[in-house]
Amino acid sequence: MPERKQRKHIRLQDYDYNREGLYFVTICTKDRRGLLGKISESDTTNLRVSLSKYGEIVDRAVQAIPAHYDGVSEDKYVIMPNHIHLILLIEADDNSDSTQAAHALLSTVITALKRVTSKAAGFNLWQSSFYDHVIRNEEDYQRIWDYIDTNPKKWVQDRFFTGHAE
């Protein structure tokens with residue numbers, strides 16, 4: 001049997017992901033397939049994403065996060081043809097018990113988002129992992145906010161750009 005490739009650990013060592021804060025998350029579609037929508041090219045100064053039915057499923061699921069997780073909300077997000085970027089805010093709740101707090105974990109929220117959207121689509125939409133970055137200060141936050149906000153306009157230069165949609 002061939003030896004299994006070791007996955008790179010991209011989480012911060014010794015960081016409590018249950019901790020209150022802002023997190024920048026990127027999730028790519030399986031094989032980076034352009035299933036979530038297309039970049040509208042009707043106006044080159046105001047490019048935007050026209051969501052497919054799968055993109056609409058993802059959009060509804062992201063907006064529903066606060067209804068399912070106390071103290072967790074989306075602060076900013078963009079759905080691109082083959083990935084999604086979002087800033088999640090996790091706020092501490094002084095009245096929560098340890099079980100409720102555990103559900104606010106970043107990986108729990110992302111895993112549920114991927115599971116729910118894949119089930120609604122009828123197939124696995126996502127790659128197995130996701131990228132996250134702990135937003136450490138206002139400058140970091142503003143840089144990421146601007147990146148998300150301008151991502152559709154810079155699609156051709158985006159590192160996830162594949163040159164085609166499905």
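**Note on the predicted model: fold, charges and rings**

1. **Contacts across the chain.** Take the contacts between residues at least 6 apart in sequence: 67% of them join residues at least 24 apart. This is a predicted model, and every value below is computed from it.

2. **Overall layout.** The chain has four helices and six strands. Along the sequence they run β-β-β-α-β-β-α-α-β-α. The chain has 166 residues, and 40% of these count as buried.

3. **Salt bridge from strand to helix.** How many salt bridges does the structure hold? There are two. One of them pairs Lys76 with Asp149, with 3.0 Å between the closest N and O atoms. Lys76 sits in strand β4 (residues 72–79) and Asp149 in helix α4 (residues 138–150), so this bridge ties together parts that are 73 residues apart in sequence.

4. **Burial of that pair.** Is Lys76 buried or exposed? Its relative accessibility is 17%, and the cut-off for buried is under 20%, so Lys76 counts as buried. Asp149 has a relative accessible area of 40% and is partly exposed.

5. **A ring next to the same lysine.** Lys76 also lies over the face of Trp145, 4.4 Å from the ring centre. Trp145 is partly exposed, at 26% relative accessible area. Lys76 thus appears in two entries: the salt bridge with Asp149 and the placement over Trp145.

6. **Salt bridge inside helix α4.** Arg143 forms a salt bridge with Asp140. The closest N and O atoms are 2.5 Å apart. Both residues lie in helix α4, with a spacing of three residues, about one turn of the helix. Asp140 counts as buried, at 10% relative accessibility.

7. **Aromatic pair from strand to helix.** The structure holds four aromatic pairs. One of them is Phe24 with Tyr147. The ring centres are 6.4 Å apart and the planes are at 85 degrees, an edge-to-face arrangement. Which parts of the chain does this pair tie together? Phe24 is in strand β1 (residues 21–28) and Tyr147 in helix α4, so the pair ties parts that are 123 residues apart in sequence.

8. **Burial of the two rings, and a third partner.** Phe24 counts as buried, at 8% relative accessibility. Tyr147 counts as partly exposed, at 33%. Phe24 and Tyr147 form one aromatic cluster with Tyr131.

9. **Aromatic pair inside helix α4.** Tyr141 and Trp145 also pair. Their centres are 6.0 Å apart, with 40 degrees between the planes, and the pair is tilted. Both residues lie in helix α4, four residues apart, about one turn of the helix. Tyr141 counts as buried, at 16% relative accessibility. Trp145 is the residue whose ring face lies under Lys76.

10. **A buried lysine without a salt bridge.** Lys114 is in helix α3 (residues 106–121). Lys114 is buried yet forms no salt bridge. How far away is the nearest side chain of opposite charge? That side chain belongs to Asp132, 11 Å away. A salt bridge needs the nitrogen within 4 Å of a carboxyl oxygen, so a separation of 11 Å does not qualify.

11. **What Lys114 meets instead.** The Lys114 side chain reaches the backbone oxygen of Gln127 at 2.9 Å. Leaving aside residues up to four places away in sequence, Lys114 touches Ile27, Trp126, Gln127, Ser128 and Ser129. Gln127 therefore appears both in that contact list and as the owner of the backbone oxygen.

12. **Ile39 and Met80.** Ile39 lies in strand β2 (residues 37–40). Ile39 is buried, with a relative accessible area of 12%. Met80 is 41 residues away from Ile39 in sequence, but the C-alpha to C-alpha separation in space is 7.8 Å.

13. **Backbone to check by eye.** Asp31 lies in the loop between β1 and β2. Its phi is near 60 degrees, a positive value in a residue other than glycine. Asp31 counts as exposed, at 65% relative accessibility. Arg32 is found in the loop between β1 and β2 as well. Phi of Arg32 is near 50 degrees, again positive in a residue other than glycine. Arg32 counts as partly exposed, at 35% relative accessibility.

Conventions. Residues numbered from 1 in each chain as written. Predicted model: local features only at pLDDT ≥ 70, side-chain atom pairs only at ≥ 80, totals over all residues. Heavy atoms only, no water. Helix = DSSP H or I, 4+ residues; strand = E, 2+ residues; numbered from the N terminus. Buried < 20%, exposed > 50% of the residue type's maximum accessible area, 1.4 Å probe, protein only. Phe/Tyr/Trp six-rings, centres within 6.5 Å; stacked < 30°, edge-to-face > 60°. Lys NZ or Arg CZ within 6 Å of the ring centre and 35° of its normal. Lys, Arg positive; Asp, Glu negative; His and termini not counted. Polar contact = N/O pair within 3.5 Å; in protein donor to acceptor, adjacent residues only side chain to side chain. Contact = heavy atoms within 4.5 Å.
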